[in-house]
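Me: Please pick one part of this model and give me a close look at it. After that, walk me outwards until I can see where it sits in the whole thing.

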Amino acid sequence: MQQSFHTIILSLMRIHFTGHGVVSCLGLDVPSTLSALEHGRSGIVQVEEWLSLDGLDSHVAGMVSNFDNRFIPRKTRRTMSKMSEMLCKACDEALDDAGLSRDDLNKRRVMVIVGSTTGSSASFESSFERFHRTGSARGQLSTTMFKTMNHSVALNLASYLGFKGSVLSPSSACSTGAQAILLGAQFIEAGLCDIAICGGADECHVATAIAFDTAQAASSQNNNSPELASRPFDRSRDGVVVAEGAAITILESESSQKGRDAEAKGILLGWAQSCDGGEVAHSTKRSMADNMRVAIAKAGLSPEDIGYVNAHATSTKLGDQNEAEAVFDVFGSNVAISSIKGNMGHCFAPCGTIEAIATLNMLNKGTYLPTKNLLDLDPIMPDMHYLNSVTMLETDAAMSNNFAMGGMNVSLILGAKE
Amino acid sequence: MVDEFEIAPELLLEEALIRDTLELDSLDAVDLSVTLTDRIEVEVDPSAFYELRTLGDIYEMVEGLLTTSKG
């Protein structure tokens, strides 16, 4: 049967995922992270240094351990904090996965779009500690500025790669990684690049735990059983478990992907980003649902076409409930939903990238992961298919959502590889 | 030098060139001045490094600073 002009155009404009890289509290690469998720492992640990900190109730976090930064030459590394170092490792893996060399990046039409929630809090702390201790502006390190700037991860990754092209550094806290993917798609769709290296990174600092603890939104009831602390949608959930990590995914236009015969690992079918424009602590149900609908429409699909939703669900009382109600509003009862934050806590900027990668893996395998620690579904949640065991589903499309502080909503519609 | 700047110990010779052999640049000069200031408890001005060529020159400068501060 002859394809319609419209179908051919849509096919030519498709955006493929061609490479992934992850550094997380579950593992230092994509296979180990996905394997840990599939085996239901937790990356959450008790942080010893936080136990004696007066006023801090949350003592658990998803820390990246055994990370060796020596693969980065000293002169490149000296301006990096851990978030940039982790991002370089994730990018190496993604480029290798995509079959792209660093040389390719400067020869092809490539953009790098990576961000973090903030610059390095550890570097800020060290700088201010010296300043307050000595009462002098002298004695500051020359490299602090490069670690603390908002676009620290972007500049350092570009320096590491020797990348000469366009670099952007979005920053929208928990939706940064998803927003980077969305921006990459928009630039490819607009014809401004063929390949977008998208992702995010954040390093764990006690300041983040303090911020959520202060807002009564950090988990503190399972400090002695850290693997149980993050439990989205569960009746006994009690807040965010802060974490760290980095992730990169490579988006590519169909013509570029086919032109170099790169293996496609999935398709980005649709996307939407909006701001709640009112609530700053968490988005309203209305704005989350509206955002999801725009993404579905962008994909040319209807809610029934999407069988699985990877939820942002950070394990807070109100956030999970609001989000579940918004998903229910869009999809009704039949959709399957889970969150991988039960395994790895909330690593902020890269979480949207990691969740997209995990969701693509589920789509491609046809098996969907449960929410770890969802043992007793909160009866306040609307009636949906909350996955509490590995489940086989027949669907070719899934949604991955991130709803960040400031009311930043990002929804991505992902399709299995062809 | 080994800990802060990851320079191989065998390169730490008196005649080693700061820029060409040890590969230290202006950013490193600032951080080296902070490290030395902390170590010898005498302020080392980072701009002083711009006039120096070799590791031996740095030793000489530090010796001079220590002598002046004791004197």
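Reply: **From a helix end to the sheet**

Gly366(A) comes just after H16(A) and takes a positive phi of about 80°. Before going on, the ground rules: this is a predicted model, in which local features need pLDDT of at least 70 and side-chain atom pairs count only at pLDDT 80 or more, while totals for chains, interfaces and linings use all residues. Residues are numbered from 1 along each chain as its sequence is written, with chains lettered from A and ligands numbered from 1 in the order in which they are written.

Back to the helix. H16(A) covers residues 351–365, which makes 15 residues (helices are DSSP runs of H or I with at least four residues, strands are runs of E with at least two, and both are numbered from the N terminus). From first C-alpha to last, H16(A) reaches 21 Å, close to the 21 Å expected at 1.5 Å a residue (that is, 1.5 Å times one less than the number of residues). With 13 of its 15 residues buried, H16(A) is largely enclosed by the rest of the structure. Buried means 20 or more other C-beta atoms within 10 Å of the residue's own, exposed means 12 or fewer, partly exposed is in between, and C-beta atoms are placed from the backbone.

Another helix end worth a look is that of H9(A), residues 152–161, where 8 of the 10 residues are buried. Among them are Val153(A), Leu157(A) and Tyr160(A). H9(A) is followed by Gly162(A), with a positive phi near 65°.

Now the strand I'd linger on: E6(A). Its cover is complete, since 8 of its 8 residues are buried. Ile195(A), Ile197(A), Gly199(A) and Ala201(A) point one way, while Ala196(A), Cys198(A), Gly200(A) and Asp202(A) point the other way, and all are buried.

What are its neighbours? E4(A), residues 110–115, pairs with E6(A) in the parallel sense over 6 bridges (strands pair if DSSP finds at least two bridges between them). Met111(A) of that pairing stands opposite Ala196(A), and Val112(A) stands opposite Ile197(A). E7(A) runs antiparallel to E6(A), and 8 bridges join them. There, Asp202(A) has Gly245(A) as its bridge partner.

Step back and these strands belong to an open sheet of 11 strands with mixed pairing, in the order E5-E4-E6-E7-E1-E8-E15-E14-E9-E10-E12 (chain A). E5 (166–168) and E12 (385–386) stand at the edges with a single partner strand each, so one side of each is left without a neighbour in the sheet.

Next, the domains. Chain A is assigned domain 1 (16–259) and domain 2 (267–415), with bounds from an automatic or database assignment. Their C-alpha centres lie 21 Å apart. Across the boundary, 62 residues of domain 1 are in contact with 54 residues of domain 2 (contact means C-beta atoms, placed from the backbone, within 7 Å). On the domain 1 side, the elements that give two or more residues are E1 (15–23), H2 (30–38), H10 (176–189), E6 (195–202) and E7 (245–253) of chain A, which puts our strand E6(A) on that list. H10(A) gives the most there, with 8 residues. The domain 1 side divides into 31 nonpolar, 23 polar and 8 charged residues (Ala, Val, Leu, Ile, Met, Phe, Trp, Tyr, Cys and Pro count as nonpolar, Asp, Glu, Lys and Arg as charged, the others, Gly among them, as polar).

As for the whole chain, chain A has 16 helices and 15 strands. Its radius of gyration is 20 Å, close to the 22 Å that the globule rule gives for 418 residues, so chain A is as compact as a globular protein of that length (the radius is taken over C-alpha atoms, and the rule is 2.2 Å times the number of residues to the power 0.38). Of the 418 residues, 56% count as buried. Among contacts in chain A between residues at least 6 apart in sequence, 81% join residues at least 24 apart.

Finally, the partner. Chain B has 3 helices and 0 strands. Its radius of gyration is 12 Å against the 11 Å of the globule rule for 71 residues, a close match, so chain B is as compact as a globular protein of that length. In chain B, 17% of the residues count as buried. The contact between the chains takes 7 residues from chain B and 5 residues from chain A. H2(B), residues 26–40, provides the largest share of the chain B side, 5 residues. That side divides into 4 nonpolar, 1 polar and 2 charged residues.

How values were computed: Contact = placed C-beta atoms within 7 Å.
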